[in-house]
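Visitor: Please give me a close look at the loops of this model. I would like one connected account rather than a list.

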Amino acid sequence: TTEAVLQGKTVVITAGPTREPLDPVRFLTNRSSGRMGYALAEAARRLGAEVVLISGPVSLTPPEGVTVVRVERAEEMYRAALSWRERFDWFIAAAAVSDFAPAAAEGRKIKKKGEPLTLTLVPTPDILAEIGRGKRPHQTVIGFAAETHDVLAHARKKRREKNADWIVANDVTEPGAGFDVETNRVVLIGPDDTATALPLLSKAELAEVLLRTIAQAEARRRAE
Ligand code: C5P
């Protein structure tokens with residue numbers, strides 16, 4: 001059944017990697033394919049939401065009926081996200097945002113000089129933490145945590161530090177989970193820190209299960 005559990009909600013989703021330029025022809029990025037974020041956008045739309053997909057550079061076709069905002073750098077993704085902060089009901093941070101960016105992109109191609117090159121990287125803004133910090137009582141904020149060990153402890157800590165309501169945690173060392181694969185296995189950490197382990201699912205199936213589970217729990221929580 002496709003009950004429209006997100007009818008009337010505006011869901012803003014960040015997806016994909018970011019690209020931090022070094023010079024006109026080079027950049028720093030990561031292995032994110034954007035699949036999880038795009039699957040969430042598609043599922044949220046199907047469940048009745050107005051969807052805004054803030055996407056880093058990926059090779060996926062955006063789902064129909066979704067507003068797409070294309071960005072490259074973490075700083076651009078941050079500004080795009082902030083521009084929606086008054087308007088979202090749910091914010092889902094599924095992007096793999098680069099934690100560092102070159103302090104300044106060179107205007108011209110960096111030439112090799114036969115000696116080592118040192119890059120100075122500066123931290124990028126933490127989009128999820130800033131959205132969490134400014135969260136209003138009616139807004140629901142959902143983050144992702146890709147971990148390699150102590151998944152639950154790190155995910156719970158991340159939920160608190162970023163003031164998120166929900167954290168979707170996965171162990172990226174597990175086969176079939178994480179970057180650039182079609183499937184994912186996650187543990188969902190809720191507002192009361194309870195952990196719900198979900199089975200190995202395709203990212204499309206997982207997106208729908210996550211949204212339905214959270215929608216149900218939020219309806220209950222907010223009715224209390
Ligand atoms: O801190 P860490 O990167 O492990 O947290 C992951 C979560 O934070 C993800 O939901 C990711 O989209 C979000 N994030 C962000 N902006 C950053 C770094 C991470 O929104 N600069």
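## Loop residues and the ligand site

Guide: Val181 has a relative accessible area of 26% and is partly exposed. The class follows because buried requires a value under 20% and exposed a value over 50%, and the 26% of Val181 is therefore in between. The model is a predicted one, and every value here should be read with that in mind. Val181 belongs to the loop between S10 and strand S11, the latter spanning 183–184. Along the sequence, Val181 and Val97 are separated by 84 residues, and their C-alpha atoms are 18 Å apart in space.

A second loop, between helix H2 (74–82) and strand S6 (90–93), contains Trp84. Is Trp84 buried or exposed? Trp84 counts as buried, because its relative accessibility is 17% and the cut-off for that class is under 20%. The C-alpha of Trp84 is 27 Å from that of Phe27, with the two positions 57 residues apart in sequence numbering.

Two further loop residues are picked out by their backbone angles. Most residues other than glycine have a negative phi. Asn163 has a positive phi, near 50 degrees. Asn163 is placed in the loop that runs between helix H4 (151–161) and strand S10 (166–171). Asn163 is partly exposed, because its relative accessibility is 38%. Asp193 also has a positive phi, with a value near 75 degrees. The loop that holds Asp193 lies between strand S12 (187–189) and strand S13 (195–197). With a relative accessible area of 18%, Asp193 is buried; Asn163, in contrast, counts as partly exposed.

Thr18 is in the loop between strand S1 (10–15) and strand S2 (20–23). What is the relative accessible area of Thr18? The value is 0%, so Thr18 is buried. The side chain of Thr18 has polar partners: one contact, at 2.8 Å, is with the side chain of Glu20. The Thr18 side chain also reaches the backbone nitrogen of Ser98, at a distance of 3.1 Å.

From the loops, the account turns to the ligand. The ligand occupies the largest pocket. Its shell consists of 13 residues, and the closest of these are Ala93, Ala95, Phe144, Lys158 and Lys162. By class, the shell holds seven nonpolar residues, four charged ones and two polar ones. Which secondary structure elements each supply at least two residues of the shell? They are helix H3, which covers 127–133, and strand S9, which covers 140–147.

The ligand's polar neighbours include both backbone and side-chain atoms. A polar side-chain atom of Lys158, one of the closest residues, is 2.4 Å from an oxygen atom of the ligand. On the backbone side, a polar atom of Pro125 lies 2.9 Å from a nitrogen atom of the ligand. Likewise, a polar backbone atom of Ile127 is 3.0 Å from a ligand nitrogen. On its own the ligand has 450 Å² of accessible area, of which the protein covers 83%.

Notes
Residues numbered from 1 in each chain as written. Predicted model: local features only at pLDDT ≥ 70, side-chain atom pairs only at ≥ 80, totals over all residues. Heavy atoms only, no water. Near = heavy atom within 4 Å. Polar contact = N/O pair within 3.5 Å; in protein donor to acceptor, adjacent residues only side chain to side chain. Areas by Shrake-Rupley, 256 points an atom, 1.4 Å probe, with all protein chains shown as cover. 1 Å grid on protein atoms, 1.4 Å probe; cavity = no way out; pocket = protein on both sides within 12 Å on 5 of 7 lines; lining within 4 Å. Sits in = over half its atoms within 2 Å of the grid points. Helix = DSSP H or I, 4+ residues; strand = E, 2+ residues; numbered from the N terminus. Nonpolar A, V, L, I, M, F, W, Y, C, P; charged D, E, K, R; others polar. Buried < 20%, exposed > 50% of the residue type's maximum accessible area, 1.4 Å probe, protein only.
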